[in-house]
Amino acid sequence: MLKLNNAKELVLGIVQQDPLFVVIQNTPSEEILYNDGYLAHIEETNYYSTSEVASWFEITDAMLRYYIKPFEQYIFDNATNSPNTNIRLNLPAILRLRMILLLKDEHRVKGLKLLLGIDDNGQHIKHQITATTMGTDDLANKVDVLGNVLQQMIQTGLFNILPDEEHGTLQVTINQDFLAQKIQLVSSESDLQVEEIQKETAELKLENENLQKQISELQEHSVKDIVQKIRERHIENEIVSTLRTEALQQYSIENNAGYFRKLFRSSQIEMEKEQFVLGYISKHLEERLEVALNNYYGE
């Protein structure tokens, strides 16, 4: 069994050269990696089932397997054959999986693949990164980290990096063909936004038609107070629909120039768009609704 006071030394010896450890190092997640409870009773030479490992990390077996699948070659040390359904993990594999779980919320699967150099086909390109320890190989580590950054720049496809023989340096230029393709893709996304606006507008129109029908039926039975409430809801829906359309159009216009931001922060675009729309509606709804109700009641 592993003694807790020896856990840090053992864990560090396994993960020190791991690219994910570079990201975790000097963060609160580093201490979690050293102090997980399972380290107190794990056998270094044994293999463990996914259900056992999942219970240690307080997640389901299905969730554990979900995060194993995209990173099989990394977790199982670039094995030629992927593991079958009866997966067994030794301590190095468990530690690699643990680092994935510690970073999954911040980087998502796509970001973790980028950090590990895993392409869309699941092929793993090993990074030449050595994690730092206090006072050792600091300069060499910085060179390795810069090399990793350069490698990731090349992998995006956005840059052409060619040697300049005249000056003995590297020349970095924009890949115009790649850029044109991405701009076309952004344009397509804008078209999809327009379709989304039209779809949402149609749904709101249908809802308003249903409200109009309810108003007509209630008016026939002289239920004036209920009719007024439904009419007010109808007016509010119309205003919300108008404000949402205005907000989406304004967001699209304001973010057309932010191509690079879209390219590198695509995972946050939908959240930021919804926040923008909600903020816009919140800012203008009360004023618009007051004017509309005053007009309706003739005040």
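Contact here means heavy atoms within 4.5 Å, and the model is a predicted one.

Q: Leaving aside neighbours within four places in sequence, which residues is Leu 20 in contact with?
A: Let's start with Leu 20, which is among the residues touching the most other members of the largest nonpolar core. Skip its neighbours within four places in sequence, and its partners are Tyr 74, Met 99, Ile 100, Leu 103, Leu 112, Leu 115 and Leu 116.

Q: Which helix gives the largest share of the largest nonpolar core?
A: That core has 38 residues, and Leu 20, Tyr 74, Ile 75, Leu 89 and Leu 97 touch the most other members. Helices 1 through 7 each supply at least two residues of it. The largest share, 12 residues, comes from helix 7.

Q: How many residues are in the other core, the one with Ile 235 and Ile 281?
A: This core lies apart from the one helix 7 feeds, and Ala 247 and Leu 248 are also among its members. Its residue count is 11.

Q: Why do the buried residues of helix 5 line one face of the helix?
A: The buried ones in helix 5 are Leu 64, Tyr 67 and Ile 68. Look down the axis of helix 5 and they line one face, because they fall within an arc of 110 degrees.

Q: What covers the buried residues of helix 5?
A: Leu 64, Tyr 67 and Ile 68 are the buried residues here. Their cover includes helix 4, helix 6, strand 2 and helix 7.

Q: Is Asn 148 buried or exposed?
A: Asn 148 sits in helix 8, residues 138–156. Its relative accessible area is 10%, and under 20% counts as buried, so Asn 148 is buried.

Technical notes
Residues are numbered from 1 along each chain as its sequence is written. This is a predicted model: local features need pLDDT of at least 70, side-chain atom pairs count only at pLDDT 80 or more; totals for chains, interfaces and linings use all residues. Side-chain values use heavy atoms; hydrogens and water are left out. Helices (H or I, at least four residues) and strands (E, at least two) are DSSP runs, numbered from the N terminus. Buried means under 20% relative accessible area, exposed over 50%, partly exposed in between (1.4 Å probe, protein chains only). A nonpolar core is a set of buried Ala, Val, Leu, Ile, Met, Phe, Trp, Tyr and Cys residues joined through side-chain atoms within 4.5 Å. The arc is that of the directions from the helix axis to the C-beta atoms.
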